[in-house]
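Welcome! Have the sequence and the 3D view ready, try each exercise by yourself, and then read the worked solution below it.

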Amino acid sequence: MSHRNAAAACAVAAAAAGALLLATPQAAGAAAPPSPGPRTAATAADTLAVSAAPPELLGALQRDLGLTPAQAARRLANEAEAGAAAARLQQRLAGAYAGAWVDGAEAGTLTVATTRAADAAAITAAGARARVVPHTLAELDRTKAALDRAALRNSTADAPVWYVDVRANTVVIRAVKASAAESLIRASGADRTRVRVEATTERPRPLYDIRGGDAYYMGGGGRCSVGFAITRGTQQGFATAGHCGRAGTSTSGFNQVAQGTFQASSFPGRDMAWVAANSSWTSTPYVKGAGGRNVQVTGSVQQPVGASICRSGSTTGWHCGTIQQHNTSVTYPEGTITGVTRTSVCAEPGDSGGSYLSGSQAQGVTSGGSGDCRSGGTTFHQPINPLLQAYGLTLKTTTGPGDPGDPGDPGDPGEPGGTWAAGTVYTAGDQVTYGGAAYRCLQGHQAQAGWEPPNVPALWQRV
């Protein structure tokens, strides 16, 4: 519904079908190998339960740091021991302490900095390398704190990052414009000899997740709910209801942070739309479930009449019912919508656009309904597969098919028929070829890697 008609439609919704938009305002420091027999004292690695590191963590270290499984395990043990050694040395060096760090693929070398040359012997005796530097860590921390205070009174958009670099024994400001960094230093009153300015083109931004069922707000007023996170080529975004906004309508997220813009919208006739998100937002393969827990989305296979179905929305949360009819037409005050699915799930204003799931399969986005979640009601959802097909979108799923648009034109997942292709939306009855054989689609869905016709007899029948 339009924002102008929101109040009236909310009243109508209690008794008749209506759109559900809500109007609102090691080496040194390395771990020693275990010795036989009981030990009288636990190592730092024992204390931190390094041996219990989950396989997912070890796997990510191998992948992202280029380590073997053994190196990943040793790195964790060395880091634990180095942290304990550095802490003990910090206490011993007191005011002369200037920081510590580890180096090497296995974090096997611990370096400890001090402003007193006489401390070198103690550092070496503890199994670390010693470095003598001009500034203590406390001095650098005070300089950084002065910059923090100055940033409260001065713009730092062009000097967005500053930190204490213990390796370099200085405070670093990373700036897009050097003049902005110099202005910050002058405003802080900091000792210029303790600060180094580095050029950067980076402009950091906050990162937020797009998740089905979460609220979003339209620039012209009103609140709706995210349907499903999608991609279109490299563009992140989400599918939602068309009555929530027109092409060009801006959106902000559940946290009221600028989020994106409606790219296309259809209402009445159909009730479908999609929003392209800005770079602060990332599509995720989840819907907000009961208690705020994430529910995985693994595909978009349309389920039959009588199947259970659950809905997530920003007003009433997670509610379930059954699919009553597909291919329904319903008339709202704004006009007639065709091709929607009727369900026994309740909903209320503000739930519009939200997610419908059957198991882990995306079914559609909330369009409208009657009744409420106190006395019960009926709702209608715009099926997801026609929406994906109409706008060339790819549903974000946990099965990780990548970007099905990559083999061809980004954002164009292809057309039904011909050779089977990941990313294409197929409806029951569509016929394709794969591996020299012909197959007929049994259940509507968006194809993804791993769902090749010979692998999924529930979706394809060889003919």
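Of the 463 residues of the chain, 48% count as buried, where buried means under 20% relative accessible area, exposed over 50%, and partly exposed in between (1.4 Å probe, protein chains only). This is a predicted model, in which local features need pLDDT of at least 70 and side-chain atom pairs count only at pLDDT 80 or more, while totals for chains, interfaces and linings use all residues. Residues are numbered from 1 along each chain as its sequence is written, and side-chain values use heavy atoms, with hydrogens and water left out.

**Exercise 1. Take stock of the chain.**
State how many helices and strands the chain has.

*Solution.* Start with the count: there are 8 helices and 29 strands. Helices (H or I, at least four residues) and strands (E, at least two) are DSSP runs, numbered from the N terminus. Then turn to the surface: the chain exposes about 20500 Å², and carbon and sulfur atoms supply 52% of that area. These areas come from the Shrake-Rupley method with a 1.4 Å probe; for residues, only the protein chains shown count as cover.

**Exercise 2. Check a helix against its expected span.**
How many residues does helix H4 have, and how far does H4 reach?

*Solution.* Helix H4 covers residues 69-93, which makes 25 residues. From first C-alpha to last, H4 reaches 36 Å, close to the 36 Å expected at 1.5 Å a residue. The expected span is 1.5 Å times one less than the number of residues. Now step past the end of the helix: Ala94 follows H4 and has a positive phi, near 55°.

**Exercise 3. Work out a mixed sheet and its helices.**
In what order do the strands S5, S6 and S7 form their open sheet?

*Solution.* The order of the 3 strands is S5-S6-S7, with mixed pairing. Two strands pair if DSSP finds at least two bridges between them. Strand S5 (161-165) and strand S7 (195-199) are the edge strands, each pairing on one side only. On average, neighbouring strands here are turned by 25° against each other, direction ignored. Next, follow one pairing: strand S6 (residues 170-175) runs parallel to S7, joined by 5 bridges, and Ala175 has Ala199 in S7 as its bridge partner. Helix H6 (residues 137-151) packs on this sheet, touching S5, S6 and S7, and its direction makes about 170° with that of S5. Helix H7 (residues 178-188) lies across S5, S6 and S7 as well, running at about 135° to S6. For these angles, axes are lines fitted to C-alpha atoms, for helices over the stretch in contact, and angles run from 0 to 180 degrees between N-to-C directions. Contact means heavy atoms within 4.5 Å.

**Exercise 4. Follow an enclosed strand.**
Why is strand S18 largely enclosed by the rest of the structure?

*Solution.* Strand S18 spans residues 308-313, and 5 of its 6 residues are buried, so S18 is largely enclosed. Then look for its partners. S18 pairs with strand S19 (residues 317-332) in the antiparallel sense over 6 bridges, and a hairpin of 3 residues joins the two. In this pairing, Ser308 stands opposite Thr322 in S19. S18 also runs antiparallel to strand S21 (residues 355-358), with 3 bridges between them; here Arg311 stands opposite Tyr356 in S21.

**Exercise 5. Describe an aromatic pair.**
How are the rings of Phe254 and Trp281 placed: stacked or edge-to-face?

*Solution.* The structure holds 7 aromatic pairs. The ring centres of Phe254 and Trp281 are 5.8 Å apart and the planes stand at 90°, so this pair is edge-to-face. Rings of Phe, Tyr and Trp (its six-membered ring) pair if their centres lie within 6.5 Å; planes under 30 degrees apart count as stacked, over 60 as edge-to-face and the rest as tilted. Locate both residues next: Phe254 lies in the loop between strand S13 (250-252) and strand S14 (258-266), and Trp281 in strand S16 (residues 281-288), so the pair ties together parts that are 27 residues apart in sequence. Phe254 is partly exposed at 41% relative accessibility, whereas Trp281 is buried at 2%. Finally, ring pairs link Tyr208, Phe254 and Trp281 into a cluster.
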